[in-house]
Amino acid sequence: MPSAFQFQCHLVLIFLAASKGETRYLEVRDAGEDDPFLLLSEDLKRELSAGQIYRRSLRCIDMLSIEGQFTFTADQPQLHCATFFIGEPEELITIHYDFVNIDCQGGDFLKVFDGWILKGEKFPSSLDHPLTTAQRYVDFCESGNIQRSIRSSQNVAMIFFRIQQAGNGFTVTVKKNSNLFPCNVISQTPSGRFTMVIPHQHRNCSFSIIYPVVIKISDLILGHLNGLFLKKPSAGCAGVGDFVELLGGAGLDPSKMFPLADLCHSFHGSAQMKIGCDNTVLRMVSSGKHINRVTFEYHQLDLQETETRKENSIEEFCFPSI
């Protein structure tokens, strides 16, 4: 049986299906009587001519992966609504309020969150984000015209809103901006290849893959010697200062996930791991003393790959969940 986390994260799975030309629908908890997700296909992106702005209406529960102008108009009281935004790993998201007509005094609200929240779990986690949780919320009813444009710190963001009067609503324009050094990322796809670079910065960066996966690290530069250690109660990379850890779990927040393996030292070659958890995270902790870099590739794990291979592979985890 799929977990609650997998159920909630099907919005990403639906995006993948849409990009392949398929159409899927999903009933979302806490969405009331709203229609299911209706996500955009790659064909639409190709059809838009240069300079043309894509426009469409928003649903109470929705997800966007494309630039454009989007309008929500309530046809009845809407009390628990959210729109999830996601870009490519190297993109930041800017949300601009073009028009807002809500009753702040009557209990309506319109808030942008810098990241994603699902059932109280945040991405990026509080440990990996430069702002406090309170600072990650921008409430239109408090800021008004003072802050009409909000830029995310990573490739995901979202808005929460409550509109109680039919006919009220808002219009936002969504744009993507390039990010030279992507830090925290949620992958749009179940497979890919990525290089994470932290250039002399004291920060933590997480790459989240909401699938059971095989992940292969091919290059790790931390300025140390060679070595790889499975996580044990008395072992790990504590005190090293710069390291990469692999995490697995059934939620969105990396700080609440189970640490599976530590990579404390640089190496060139291949280290592979099968992680059958609902969510897999590669997290780099950087002291700021080095230019740290890790290159890895990943693909969705299928049942045939649960058999142990004699490759340069380390222990498998979380297989009861798949």
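Let me start with one residue: Arg-283 is buried, with a relative accessible area of 10%. That counts as buried because the cut-off is under 20% relative accessible area. Please keep in mind throughout that this is a predicted model.

Where does this arginine sit? Arg-283 belongs to strand 21. What does Arg-283 touch, leaving aside its neighbours within four places in sequence? The contacts are Leu-127, Asp-128, Asn-204, Cys-205, Ser-206, Phe-243, Val-244, Glu-245 and Leu-247. Two of the side chains there make polar contacts with that of Arg-283: Asp-128, at 3.0 Å, and Glu-245, at 2.7 Å. One further distance for orientation: from Arg-283 to Asp-262 there are 21 residues in sequence, and 9.7 Å in space from C-alpha to C-alpha.

Now the whole chain. The protein chain has 322 residues, and 52% of them count as buried. Its secondary structure comes to four helices and 23 strands. If we take contacts between residues at least 6 apart in sequence, 75% of these join residues at least 24 apart. The exposed surface is about 15200 Å², with carbon and sulfur atoms supplying 51% of it.

Next, the interior. In soluble globular proteins, nonpolar side chains tend to be buried together. In this model the largest nonpolar core has 30 residues. Those with the most contacts inside that core are Phe-207, Ile-215, Leu-220, Met-273, Leu-282, Val-294 and Phe-296. Several strands each supply at least two residues of the core, among them strand 14 (192–199), strand 16 (213–221), strand 21 (279–285) and strand 22 (291–300). So that you can find one of these residues on the screen, take Phe-296. Not counting residues up to four places away in sequence, Phe-296 touches Gly-192, Arg-193, Phe-194, Phe-207, Ile-215, Lys-216, Ile-217 and Leu-282. A second core, separate from this one, has 28 residues, including Cys-60, Phe-70, Val-138 and Val-172.

Last, one sheet. In which order do the strands of the five-stranded open sheet run? The order is 1-3-12-5-10, and the pairing is mixed. Strand 1 (55–57) and strand 10 (149–151) are the edges, each pairing on one side only. From one strand to the next, the twist averages 20°. Strand 1 pairs with strand 3, residues 68–73, in the parallel sense over three bridges. Within strand 3, Gln-69 stands opposite Arg-55.

To return to the opening residue: Arg-283 is buried, and its side chain has polar contacts with the side chains of Asp-128 and Glu-245.

Notes. Residues are numbered from 1 along each chain as its sequence is written. This is a predicted model: local features need pLDDT of at least 70, side-chain atom pairs count only at pLDDT 80 or more; totals for chains, interfaces and linings use all residues. Side-chain values use heavy atoms; hydrogens and water are left out. A nonpolar core is a set of buried Ala, Val, Leu, Ile, Met, Phe, Trp, Tyr and Cys residues joined through side-chain atoms within 4.5 Å. Buried means under 20% relative accessible area, exposed over 50%, partly exposed in between (1.4 Å probe, protein chains only). Contact means heavy atoms within 4.5 Å. Accessible areas come from the Shrake-Rupley method with a 1.4 Å probe; for residues, only the protein chains shown count as cover. Two strands pair if DSSP finds at least two bridges between them. Axes are lines fitted to C-alpha atoms, for helices over the stretch in contact, and angles run from 0 to 180 degrees between N-to-C directions. A polar contact is a pair of N or O atoms within 3.5 Å; within protein, one must be able to donate a hydrogen and the other to accept it, and residues adjacent in sequence count only if both atoms are side-chain atoms.
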